[in-house]
Amino acid sequence: MRDLSVAVFRPDDGRLAEAAELIDSLGARAIADPMLAVEPTGAAPREDADYVILTSKTGAELAAGAGWDPGTSTVVAIGPATADALGAEGYDVDLVPDDYSSSGLVAALEEGVAGARVEVARSDHGSSVLTDGLEAAGAYVHETVLYRLVRPEGSGVSAERAAAGEVDAAAFTSSLTVEHFLEAADDRGVREEAIDGLADAVVGAIGEPTRETAETHGIGIEVVPEDADAEQLLCAVVERAAPTRHE
């Protein structure tokens, strides 16, 4: 019997190590292949907005590092992980939506933002669902790019392993991880083989937008957790794969 092999694509900034540790605790083995690296822009969220929305732990940490002062702004976090990161940096979080997604943020805010100044502080790959939805609700939306997300040099070992039939499960935590996985597979000349290899694996996506991206590119998704949470995703993927993928 060989260990269940699970491909994970978290940034190598502590989150990848945490994911690998979790997978190990579940009795599986991580194929750690970071598909995202953070390039800070040095920008900070605006301080004159009525609402300020942060959409990631990374964004919270970079905002704090830039000396951001929210003043009297209503501080909104996309989910508990971002809220925890803001709290750890000394910020009070006023609102976390029930649905941890761009559409969940719109649903939580749309009744009260008409005429309000809303600052969205995030990466350069943020979904237009959030900004378009808030503008449709009558808000004056400004977006600040706190960091860029790029594909790390040397990524793609998971694509080669998938092409060789050596990946039992995979967990995509954003649409960009899907796109970067495929770019890395292209670079190594194994794109079609890698997609075929994932067809024999249990593949999970952190939410519906990520599922849609994967399926658009021919990658079937079996697992989407109830909440858009990386730990839930990994646990669900391993649980689904474990009964059938051990040899």
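The following paragraphs lead through a predicted model of one protein chain, from its annotated domain to its sheet, helices and aromatic rings.

According to an unreviewed UniProt entry, residues 18-234 carry the annotation "domain: Tetrapyrrole biosynthesis uroporphyrinogen III synthase". Over this stretch the chain is 40% helix and 20% strand. The C-alpha atoms at its two ends lie 11 Å apart.

A useful place to begin is an open sheet of four strands, which are arranged in the order 2-1-8-9 and pair in parallel. Strand 2 (28-32) and strand 9 (202-205) form the edges, as each of them pairs on one side only. On average, neighbouring strands of this sheet are turned by 20° against each other, direction ignored. Strand 8 (residues 169-172) is joined to strand 9 by four bridges in the parallel sense; A169, for instance, has V202 of strand 9 as its bridge partner. Helix 1 (residues 15-25) lies across strand 1 (4-8) and strand 2, and runs at about 160° to strand 2.

Attention may now turn to helix 4 (102-109). Its buried residues are S102, G104, L105, V106 and L109. Among the elements that cover these residues are strand 4 (51-54), strand 5 and helix 5 (128-136).

Finally, the aromatic rings deserve notice. The whole structure contains four aromatic pairs. One of them joins W68 and Y91 in a tilted arrangement, with 4.9 Å between the centres and 45° between the planes. This pair links distant parts of the chain: W68 lies in the loop between helix 2 (57-65) and strand 5 (74-77), whereas Y91 lies in the loop between helix 3 (80-88) and helix 4, 23 residues apart. Both W68 and Y91 are buried. Elsewhere, F9, F172 and F181 form one aromatic cluster.

Definitions and conventions:
Residues are numbered from 1 along each chain as its sequence is written. This is a predicted model: local features need pLDDT of at least 70, side-chain atom pairs count only at pLDDT 80 or more; totals for chains, interfaces and linings use all residues. Side-chain values use heavy atoms; hydrogens and water are left out. Rings of Phe, Tyr and Trp (its six-membered ring) pair if their centres lie within 6.5 Å; planes under 30 degrees apart count as stacked, over 60 as edge-to-face and the rest as tilted. Buried means under 20% relative accessible area, exposed over 50%, partly exposed in between (1.4 Å probe, protein chains only). UniProt positions are given in the numbering used here, feature names are shortened, and annotations may be inferred rather than shown by experiment. Contact means heavy atoms within 4.5 Å. Two strands pair if DSSP finds at least two bridges between them. Axes are lines fitted to C-alpha atoms, for helices over the stretch in contact, and angles run from 0 to 180 degrees between N-to-C directions.
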